[in-house]
Each structure stands twice: as structure tokens, then as C-alpha cells.
Amino acid sequence: MTVHDIERIGTVAVFGAVWAVLVTGHALADHVFGQTDHQAANKAAPTPAEVAAGANPRRGWRACLAHVARYHLVMAVALALVRLVIPLPLSPVGTAAGFAWSMTTHAWLDRRWPVRWLLRHLGSAAFAELRAAGMNGMYLADQALHKGALLVSAVLVTRL
């Protein structure tokens with residue numbers, strides 16, 4: 001085994017640890033510590049019908065950005081706590097890039113219309129409207145897309 005092989009194994013281990021922290025932090029931040037009831041209820045963009053009826057299209061941004069800030073505070077605390085016991089070699093640039101990507105994508109997805117638009121354009125309009133038997137298509141798609149964005153964040157945190 002060469003030094004290069006050991007470095008590659010170390011990078012994969014750091015990526016795995018960062019990914020685990022981000023996904024765990026996401027669950028804690030999105031469902032427990034990272035948003036108030038007000039933020040959850042008001043972070044989405046108004047519907048086209050609401051805008052047509054006179055609603056301001058910017059409505060909801062304050063609640064959305066407050067949630068994103070609180071969410072990422074939880075994520076930062078989770079990462080910091082793990083780094084207290086596991087010496088993860090993370091750069092400030094990589095960490096900032098990963099968090100910036102996460103903040104941007106989280107805010108955009110939580111406006112809800114991008115998730116609905118994507119589902120409709122992928123032929124899953126019925127899934128976007130699913131709200132039965134304990135299932136909610138928009139919520140499930142939202143969570144899947146957040147995790148996909150966090151995968152990119154983990155790569156940025158690990159490699160930059």
C-alpha cells in the first residue's frame with residue numbers, strides 16, 4: 001500500500017463522516033431544532049393563484065431565510081461537535097463552499113414550487129399532489145432533493 005492509497009482511504013473516510021454528519025444534522029435541523037411552526041407554515045412561495053389574486057410573490061422569503069439560517073446553525077453545531085472527538089481535516093474554504101451550496105439549495109427547494117415543477121416535468125404530477133395513507137409526495141421529493149444537495153455539500157466540504 002502506497003502513501004497515495006492511504007491518502008485516498010483517508011479522503012473516503014472523511015467524506016463518509018461528513019456525509020453522516022450532514023444527513024443527521026439535516027434530520028435534526030429540518031424536523032426538530034431548525035424551524036419554528038411559523039417558518040414551516042410560511043416559508044413557501046405563494047401559489048400562482050395567490051399571486052393572481054394579489055399576493056406579493058416575495059411573500060414567505062423572510063420565514064424561509066430564517067429557517068435556512070437556523071437550520072445551518074444546527075448543522076454547524078453538529079459538525080463542530082463531531083470535530084471535537086474526531087479530527088476531521090476540513091478546510092475553511094471547503095466548509096464554507098459546502099454550507100453555501102446547502103444554504104442556497106435549501107432555500108430554493110423550500111419555496112416548494114421548484115419541487116412541484118420538477119415532479120410535473122418528470123411525469124410525476126400525481127405524486128406531487130399525493131396526500132394519502134400517511135404519504136406526502138411533495139415532502140418525500142423535498143427530502144430526497146435536500147439529501148442530493150447534501151451529497152454535493154459533502155463533496156465540497158471534503159475536497160476543497
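1. Arg-131 counts as exposed, because its relative accessibility of 54% is over the 50% cut-off. The model in which this residue is seen is a predicted one. The side chain of Arg-131 forms a salt bridge with Glu-129, and the closest N and O atoms of that pair are 3.8 Å apart.

2. Glu-129 has a second partner to note: its side chain also meets that of Arg-116 in a salt bridge, at 3.3 Å from N to O. Glu-129 lies in helix H7 (residues 125-129) and Arg-116 in helix H6, so this pair ties together parts that are 13 residues apart in sequence.

3. How exposed are Glu-129 and Arg-116? Glu-129 is partly exposed, because its relative accessible area is 36%, a value between the 20% and 50% cut-offs. Arg-116 is partly exposed as well, with a relative accessible area of 21%.

4. These contacts belong to a network of salt bridges that links Arg-116, Arg-120, Glu-129 and Arg-131.

5. Another salt bridge joins the side chains of Asp-110 and Lys-43, with an N to O distance of 3.1 Å. The two residues sit in distant parts of the chain, 67 residues apart. Asp-110 is in the loop between helix H5 (92-109) and helix H6 (113-121), while Lys-43 is in the loop between helix H2 (37-42) and helix H3 (48-52). Both Asp-110 and Lys-43 are buried.

6. How many salt bridges does the count give? The count comes to five salt bridges, among them the Asp-110 and Lys-43 pair and the Glu-129 and Arg-116 pair.

How values were computed:
Residues numbered from 1 in each chain as written. Predicted model: local features only at pLDDT ≥ 70, side-chain atom pairs only at ≥ 80, totals over all residues. Heavy atoms only, no water. Salt bridge = Lys/Arg side-chain N within 4 Å of Asp/Glu carboxyl O. Helix = DSSP H or I, 4+ residues; strand = E, 2+ residues; numbered from the N terminus. Buried < 20%, exposed > 50% of the residue type's maximum accessible area, 1.4 Å probe, protein only.
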